[in-house]
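Student: I have a model open on my screen and would like to understand the words people use for it. Could we go through them together?

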Amino acid sequence: MKEAKDVKEVKAPKSEQTRTLILETALRLFQERGYDKTTMRAIAQEAGVSVGNAYYYFTNKEHLVQGFYDRLAAEHAAAVQPVLDGDKDLAVRMRGVLLTWLDVAEPYHRFAAQFFKNAADPESPLSPFSAESVAAREAAISIHRRCLAGSDTKTDPELAELLPQLMWLIQMGLVLYWVYDRTEHTERSRRLVERSAPIGARAIALSRFRVLRPLVRQIHDVLEEFLPGAAKSGGRGRSDASD
């Protein structure tokens, strides 16, 4: 039994190495040949694995890109931990979360335009708003949820689920700008974070005031209609009459 267990423990890392090899090969080919012109057969050949093996780990090219999204989300979650454990000021925390994402994403900037051409299609499974992207989207929203919860900013409990989603939308705006940012080390994207984080934090702080709740709830309704899986809770816990 012990011998069988040892075999399993050795096999798992090799399996993960193969998956990583296929993913990294795909990212390289997407850059060199373009997403549309890169086939699963070419990825398998360049990675030195069989086509069947490539399909075992990734059922199609879209699944490969989803694998990239998941990797980026995991790297961001690990790198941002010192920010979440640090300053309680919301503007500082939002700034740290977004700048950390830029740091983590920097090595992949050269791939960004290739992916965005496909992700910009609202019908594409590569869209960050698609049902297929739920896992990566939820991982990102979870970081914003922790960012807000660990701050000293007071918020309306009704908006506890909505506000992190709005913070994620701010990040999506940054991603769009970053994709086409050609400044050295994407300095303009970083400056955008420096300027926008205090504004976002201030808007969140103001959202607790009753006079702004109808506007926030309208945003909630838009998210619920157009963003799959979003805004399933929060924002409707009490009737407007209680305001």
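**Reading the helices**

Tutor: Gladly! This is a predicted model, and helix 9 is a good place to begin: its 18 residues, 162-179, reach 26 Å from the first C-alpha to the last, close to the 26 Å expected at 1.5 Å a residue.

Student: Which residues of helix 9 are called buried, and what makes them so?

Tutor: Buried means a relative accessible area under 20%. In helix 9 the residues that meet this include Leu162, Met167, Trp168, Leu174, Trp178 and Val179.

Student: How do you know whether Ser189 is buried or exposed?

Tutor: Ser189, which lies in helix 10, has a relative accessible area of 0%. The cut-off for buried is under 20%, so Ser189 is buried. Its contacts, leaving out residues up to four places away in sequence, are Leu102, Leu174, Tyr177, Trp178 and Asp181.

Student: And Ile199, what is it called, and why?

Tutor: Ile199 is also a residue of helix 10. Its relative accessible area is 59%, and exposed begins over 50%, so Ile199 is called exposed. In space, Ile199 and Ala91 are 8.0 Å apart, C-alpha to C-alpha, while 108 residues separate them in sequence.

Student: What makes helix 6 and helix 10 a crossing pair, and which hand does the crossing have?

Tutor: The axes of helix 6 (residues 90-105) and helix 10 (residues 187-206) come within 8 Å and cross at roughly 145 degrees. The crossing is right-handed. On the helix 6 side, the contact includes Leu90, Ala91, Met94, Leu98 and Leu102; on the helix 10 side, Ser189, Val193, Ala197, Ala201 and Ile204 are among the residues taking part.

Student: How many residues of each class does that contact have?

Tutor: The contact of helix 6 with helix 10 has 11 nonpolar, 2 polar and 4 charged residues. Leu and Ala count as nonpolar, Arg as charged and Gly as polar, so Leu98 and Ala201 go with the nonpolar residues, Arg95 with the charged ones and Gly200 with the polar ones.

Student: Stepping back, how many helices and strands does the protein chain have?

Tutor: There are 11 helices and 0 strands. Of the 243 residues in the protein chain, 43% count as buried.

Student: What share of the contacts join residues at least 24 apart?

Tutor: Taking contacts between residues at least 6 apart in sequence, 68% join residues at least 24 apart. As for the surface, the protein chain exposes about 13,400 Å², with 56% of it supplied by carbon and sulfur atoms.

Methods:
Residues numbered from 1 in each chain as written. Predicted model: local features only at pLDDT ≥ 70, side-chain atom pairs only at ≥ 80, totals over all residues. Heavy atoms only, no water. Helix = DSSP H or I, 4+ residues; strand = E, 2+ residues; numbered from the N terminus. Buried < 20%, exposed > 50% of the residue type's maximum accessible area, 1.4 Å probe, protein only. Contact = heavy atoms within 4.5 Å. Areas by Shrake-Rupley, 256 points an atom, 1.4 Å probe, with all protein chains shown as cover. Axes fitted to C-alpha atoms, helices over the stretch in contact; angles between N-to-C directions. Left-handed = near helix turned anticlockwise from the far one by under 90°. Expected span 1.5 Å × (residues − 1).
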